[in-house]
Number of protein chains: 2
Amino acid sequence: MSDKTTRQAQILEERYGMGHEPKDIIWNDQIEHMMSHRSVRRYLPDALPDGALETMVAAAQSASTSSNLHMWSVIAVTDPEMKSELYRTSGHGNPFIEVAPVFLLWVADQSRNNRISKANGGSAIVHDHLDAFVMATIDAALAAQNAALAAESLGLGTVYIGGMRNKSKEVADLLGLPDYAYVTFGMVVGYPAPEAQGRLRPRPSQDVVLHQNRYEADRASRIAAYEEPFKHFREDLCMKEKTFVGAVSSSANDLLSMDGRENLRSTVEGRGFKLR
Amino acid sequence: MSDKTTRQAQILEERYGMGHEPKDIIWNDQIEHMMSHRSVRRYLPDALPDGALETMVAAAQSASTSSNLHMWSVIAVTDPEMKSELYRTSGHGNPFIEVAPVFLLWVADQSRNNRISKANGGSAIVHDHLDAFVMATIDAALAAQNAALAAESLGLGTVYIGGMRNKSKEVADLLGLPDYAYVTFGMVVGYPAPEAQGRLRPRPSQDVVLHQNRYEADRASRIAAYEEPFKHFREDLCMKEKTFVGAVSSSANDLLSMDGRENLRSTVEGRGFKLR
C-alpha cells in the first residue's frame, strides 16, 4: 500500500473502529484534514504565528451565514488576567485555558442587527422569537467550525469549551456583552504540547446518524456496536471505565452535571432574547 | 505575481471589497478552499459520485461533538416525491431543491440519547432544558459545516436552507422525526450548473465581528463601510437595489418575512423540548 492508502486506512480505523469503517470514502487533502481532527487539551504557551487569528476569522467569515446577516461575533481573549477570570468563572476541568495563548469566545450575536434596526426606527420584533436565537446560534457554530479547521491547517490545536455556558450570565458580564447576545461556547487555540498526540476519538458507525428519505428510529443494535471502539479508546488513554450508554445516561439524568447550564434560559431571557 | 498570489489577492478582494482586505492572511490549500465558498443556487440533476454522501458524513462525524454525545442526525432525501413534498411544504423560492439529486436535512437530535437514557430507567431530565436544545443545534451545525466543505472538495455545490424551519412541524411530520428532534436546516447538494459561478459574496471587514478581550459595541462606522462591497455585489448580479442596513432592518422588523418561523417555539415544544 502507498503511504497515502495506509494513512487513509489508519484514520478510518481509528475513527470508526476496526470492521466498522464506511466503504467508498473518497480521499483528498481536505477530507484527510477534517477526518484527522482531534480536540487538543494540552498546549504550549507559545504565541500564535502572526496573522493566524486573522486567517481564522477570514475562514469563519467565509462560512455561510443565514440571509447574509452575520449574526455572530468572536472575542479573542489574550489578556492573561481575563483568561484566568474566565477559567475561574466557568472553565474548571480545563486548566489549559490559562496555558494556551488565545481563548476565543464565540458569540451568537443579534445585538448588532438589533441596534441597526432600532436606530432606523424599527421594532426588531423578529428578534423576540426563538428562531432569531437559533439563527444566531447556528451562524456562530458554522463560523467557528471553519475557524477551527483553519487553525488546524496552520499546525495549531483547538478545543471547544461548551462549559462556557455553565455560568453564562457571569461570562457575558465579564466580556461586556450587549443584550441579544450570548456566548455559545469557547475555543482554546494554541500549539499542541507534544504529549497531546494520540488516537482519533471513535464515532458510531454511519448508520447511527445517517438516514435515507425518512427518519428511522430504532437503531439500538447499531448503537451497541459502538461500545467496543468506545471502550478501546478509553482504555488506551487510561480513562475511567465507562460505556457509551452509561455516558449518555449520566449526561441526561444528572442535573448536577449541568453545572449551571440549567440557568441558560434565564440568562438569555435576561439578555433580551424572548424566545417566543 | 505568481498564480497563487494572484488567486489569493482576488479571493480576498472579492470577500472583503477592495481596500477592506485583512492584512497578514496565511495562505494554504485549506484556507483557499474555505475562503472560496459560495452558496450554489443552480444545479445539474446529475447524481452524486459513488461514496460522496458517505464521505460527507465521515467528515461531519469527525467534527467536534459536545461531550462525545453525537446529538445530530442527517436524513438524505433522494426520493423525488419526498423532495417535491419538502419543497412544496417549506422550500418556496428554492426550486433547485427539486433539481439537485440530494437534499440533506440536518436534525438537532436528542431523541437517540433520550431513548437510551429512558430505556435504562433514567428521567432524561437534562433534555428538558434549553441547553440540551442548544447543544443539539450546535452539534448539527458543526457536523453540517464539515459536510459542506467535504462536498465542495469533491467539486459539488451546496446551499443551506434555513427555510426548512418555516413549517417546522410539517417538515418533522413528513420525515417521521421522533420527539426531541427538529430540523435545524436543509442543505442542497449537487453539481453546480455552469451558470452558477460568479463573484464571492462580500463580508463586512474583520473589525465588525472580531473583538479583543472584551466586546466593543459601537461599530456603526465600520458597518457603514460594508455598504459599498454589498452594493457592488448586488449590482453585479442584477439583484434588487438594497442596502445592508435596509436588509437587516426588514429582516428584523417584518414579521411576515418569518414565513412561519414565528411558530418554531411551539413546534419544538410540541416535539418534547421543554426549553426550561
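1. Let's start with His127 of chain A. In this predicted model, H127(A) sits in the loop that runs between α6 (111-119) and α7 (130-153) of chain A. Is H127(A) buried or exposed? Its relative accessible area is 3%, and buried means under 20%, so H127(A) is buried. Its side chain has two polar contacts worth a look: one of 2.9 Å with the side chain of N114(A), and one of 3.4 Å with the side chain of Q110(A).

2. What else does H127(A) touch, once neighbours within four places in sequence are set aside? Besides Q110(A) and N114(A), the contacts are N113(A), A132(A), Y180(A), F273(A) and, from the other chain, A252(B).

3. Next, V134(A), which belongs to helix α7 of chain A. With a relative accessibility of 1%, V134(A) counts as buried. Leaving out residues up to four places away in sequence, V134(A) touches F133(B), T137(B), R165(B), Y182(B) and L264(B). Those partners carry the chain B letter, so keep both chains on screen when you look at this spot. If you want a pair within chain A, try V134(A) and L275(A): they are 141 residues apart along the chain, with 9.2 Å between their C-alpha atoms.

4. On the symmetry: how does chain B relate to chain A? A turn of 180 degrees with a shift of 0.0 Å along the axis lays chain B on chain A, and the RMSD is 0.0 Å. That is how a two-fold axis relates its copies. Both copies use the same surface, as 100% of the contact residues of chain B recur in chain A.

5. Cavities, then. The count is eight at a cut-off of 30 Å³ or more. The largest cavity holds about 60 Å³ of space. Which residues line the largest cavity? From chain A there are R203(A), P204(A) and V209(A). From chain B come A60(B), Q61(B), A63(B), S64(B), T65(B), H70(B), W72(B), D139(B) and A143(B). Two elements give two or more residues to this lining, namely α3 (52-62) and α7 (130-153) of chain B. By class, the lining comes out as six nonpolar, four polar and two charged residues.

6. One of those lining residues, H70(B), is also worth a backbone check. Phi of H70(B) is near 50 degrees, which is positive for a residue other than glycine. Most residues other than glycine have a negative phi. H70(B) lies in the loop between α3 and β1 of chain B, and its relative accessible area of 4% makes it buried.

7. N68(A) is another one to check. Although it is not a glycine, N68(A) has a positive phi of about 55 degrees. Where is N68(A) found? It is in the loop between α3 (52-62) and β1 (72-77) of chain A. N68(A) is buried too, at 6% relative accessible area.

8. Last, helix α4 (residues 80-90) of chain B. Its buried residues are M82(B), K83(B), S84(B), L86(B), Y87(B) and S90(B). What do the buried residues of α4(B) pack against? The partners are β1 (72-77), α5 (96-99), β2 (102-109) and α8 (168-175), which belong to chain B. As a reminder for reading that list, an α-helix has 3.6 residues a turn, so residues three or four places apart point the same way.

How values were computed:
Residues numbered from 1 in each chain as written. Chains lettered and ligands numbered in written order. Predicted model: local features only at pLDDT ≥ 70, side-chain atom pairs only at ≥ 80, totals over all residues. Heavy atoms only, no water. Helix = DSSP H or I, 4+ residues; strand = E, 2+ residues; numbered from the N terminus. Buried < 20%, exposed > 50% of the residue type's maximum accessible area, 1.4 Å probe, protein only. Polar contact = N/O pair within 3.5 Å; in protein donor to acceptor, adjacent residues only side chain to side chain. Contact = heavy atoms within 4.5 Å. Least-squares fit on C-alpha atoms with pLDDT ≥ 70 in both. 1 Å grid on protein atoms, 1.4 Å probe; cavity = no way out; pocket = protein on both sides within 12 Å on 5 of 7 lines; lining within 4 Å. Points joined across faces, edges and corners; volume = space filled by probe spheres on them. Nonpolar A, V, L, I, M, F, W, Y, C, P; charged D, E, K, R; others polar.
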